[in-house]
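Let's take a walk through this one, going from the contact between chains to the contact between domains. Have the model open and follow along.

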2 protein chains.
Amino acid sequence: MEDTNRSWYFAERPAGEPDADCFELREEAVPEAGAGELLVRVEYLSVDPYMRGRMRDSESYAEPWDVGDVLRGGIVGEVVESNSERYDAGDFVTGEGTWADYSVLDADDTAPVDPDVADLPAYLGVLGMPGRTAYFGLLDVGDPKPGDTVVVSGAAGAVGSVVGQIAKLNGCRVVGFAGTDEKTRWLTEELGFDAAVNYQETDDYGAALDDVAPDGVDVYFDNVGGPITDAVFTKLNLDARVAVCGQIAHYNDESVPTGPRKLPLLIAPRARVQGLLVGDYATRFGEASEQLASWVASGEVDHRESVVEGLENAPDAFLGLFSGDNIGKQVVRVAE
Amino acid sequence: MEDTNRSWYFAERPAGEPDADCFELREEAVPEAGAGELLVRVEYLSVDPYMRGRMRDSESYAEPWDVGDVLRGGIVGEVVESNSERYDAGDFVTGEGTWADYSVLDADDTAPVDPDVADLPAYLGVLGMPGRTAYFGLLDVGDPKPGDTVVVSGAAGAVGSVVGQIAKLNGCRVVGFAGTDEKTRWLTEELGFDAAVNYQETDDYGAALDDVAPDGVDVYFDNVGGPITDAVFTKLNLDARVAVCGQIAHYNDESVPTGPRKLPLLIAPRARVQGLLVGDYATRFGEASEQLASWVASGEVDHRESVVEGLENAPDAFLGLFSGDNIGKQVVRVAE
């Protein structure tokens, strides 16, 4: 074990797009685990779009970071010291930790990780918060029926890629929007999406939808917002459901974004639009984790992680989310 | 009975705001009732905002009118000739008829009217389609709970005025937006709204809401759209419900209206937004009519109709909806 611990701190609130000035790496002593706590050597840490919201100085669903706070997020790692009966040194766990080499977690806020079921980074993606978001967001909010057309924005991301596969398992026709040909190929050739649109190659998303979703849209799982979403809202079928999971296109907006009004489009189809946060399903996380692990084990749900090497590059990994650098779940390898 | 029948025809599709050129009054022979039909002397006819949608040359929930079609809508009147066992001459009925002195209706598509329960025009308002829209829209889509703050736009209209009163009967705090002091006084002094905002007297609807709905908005019943709606969406509480009943501010728009994006505002409160059409509740119309008639009889729900005199003025009555001329339900008195 090293003597020192590198940790990323929140150095400056961004105006618009965040940059390297928002982050500061400090070297400190390795922290000590108190009663019931674990000292964990971080192997992978998660960077997620919702963290942009924590950089704002305003109340939202995730507590805002104050300048000077250590950055926190999902981690997976190996227990170095355990002050809990639940774990022994050498066990692998996941939970909310710090962007650091070593992190102290309350054992009660962690879940065990079995490296034989899936590689460690999968526990930050398909078997972690993004997978559970896909599971509850699609099944509970989207309420897909066999034969429905399900459209997913950000379809090659950590959440969207799982949404589409669960929709296929429910007998739906699935269409994804993603930003590179590599991504759209992954969706259609590996994950079983019926069609995928590279949104960088057209700006007529309405025409693209007429092509790939000729029967209209029954379920829209939105991770993105912006003009793709504007087009989908003009194609909603009777009783369509829209799950608003994320709006990454707008997270860096400093003024209120404007666009075509959507409420007039909801009346004729009697569409339902609903915001979702996975935390609301905490009492059912076990159900989701079990089902997702089973699908991953059987190969019915495939997954992929984009790995940035080195804790020192964690800010770059985070910033890359906003330019769509990742395919599947973006993680940072800190050690292994 | 007169020999001739005046009927309004659709003469021209409007671009933007409709005007008198869209309507043409013709004199014709009084129509004859066929088997199962009734010849009805129209006493009151209904003009409703949704009819603006029928003037467009595009499919929507209400079948579009073709140029040259006779104008149709809700009427209440007296049976002059009955070819149905359900009615005798002299009975009063309501149903969809024509903007005319006399109209032929299929008896099976009508409902009997009891002038002792309420005056005839009430059967086009609180006891008709607008009342049922308020009933199902608020109770089924809005799902109000005791203690909720319910905000209603177009609150002094045919639907909104009933929505607010049903919300009060359900133990809610009710706030209405309306466009004149006479309207806001009616809401608070006669109908029991807790507060009402004259939206002509401020353009800071956010500040107005902070004043009259300091605990945020649990249910928003939207008849209007536009900047009032924009402000309400910034005040939605956890698990807020929005019933999108109408968007009259946008019915005359010829290009797609733009405004602040609302989807980013739905995530933190996990708000649900749903379009509604009363026709979806047709199998439950009996329940609503019975309950509304009971509330009207007991005085628990008050109602008001704005009456324009004379069939010849029906287009003016319709056009007045878009400048908010009406308090309560707008009707046209054809004969009585």
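Which side chain of chain A does B:Arg270 meet in a salt bridge? The partner is A:Asp280, with 2.5 Å from N to O. Bear in mind as you look that this is a predicted model.

That pair is a good way into the interface of chain B and chain A, where four salt bridges turn up in total. Add to these the polar contacts: twelve residue pairs make them across the interface, counting pairs with both residues at pLDDT 80 or more. On the chain B side, the elements that put in two or more residues are helix H6 (226-233), strand E13 (258-260) and strand E14 (272-275). Of these, H6(B) gives the most, with five residues. Sort the chain B side by class and you get 17 nonpolar, ten polar and seven charged residues.

Now step back and take in the whole contact. Chain B brings 34 residues to it, and chain A brings 34 residues too. How much area do the two chains bury between them? It comes to about 2800 Å², with 63% of that on carbon and sulfur atoms. A figure of this kind, the accessible area lost when parts come together, is often used to give the size of an interface.

The strands join in as well. Strand E13 of chain A, residues 258-260, pairs with E13(B) in the antiparallel sense, and the pairing runs over three bridges. To find your place in it, look for A:Pro260, whose bridge partner in E13(B) is B:Thr258.

Next, stay inside chain A. This chain splits into domain 1, made of 4-125 plus 304-333, and domain 2, which covers 129-279. Their C-alpha centres sit 28 Å apart. Where the domains meet, 21 residues of domain 1 are in contact with 16 residues of domain 2. About 1500 Å² is buried between the two domains of chain A, 57% of it on carbon and sulfur atoms.

What holds for charged pairs here? Between domain 1 and domain 2 of chain A the count is three salt bridges. You can look at the one formed by the side chains of A:Glu254 and A:Arg52, at 3.6 Å from N to O. Nine residue pairs are in polar contact between these domains, again with both residues at pLDDT 80 or more. The domain 1 side that touches domain 2 is made up of ten nonpolar, five polar and six charged residues.

Finally, zoom out to the full set of salt bridges: over all chains, a search of the whole structure finds 46. One of them joins the side chains of A:Lys329 and A:Asp48, at 3.1 Å from N to O. A:Lys329 is in strand E16 (residues 329-333) of chain A, while A:Asp48 is in the loop between strand E3 (37-46) and helix H1 (51-54), so this pair ties together parts that are 281 residues apart in sequence.

Terms used:
Residues numbered from 1 in each chain as written. Chains lettered and ligands numbered in written order. Predicted model: local features only at pLDDT ≥ 70, side-chain atom pairs only at ≥ 80, totals over all residues. Heavy atoms only, no water. Domains from an automatic or database assignment. Contact = heavy atoms within 4.5 Å. Buried area = accessible area lost by both parts, 1.4 Å probe. Polar contact = N/O pair within 3.5 Å; in protein donor to acceptor, adjacent residues only side chain to side chain. Nonpolar A, V, L, I, M, F, W, Y, C, P; charged D, E, K, R; others polar. Helix = DSSP H or I, 4+ residues; strand = E, 2+ residues; numbered from the N terminus. Pairing = 2+ DSSP bridges.
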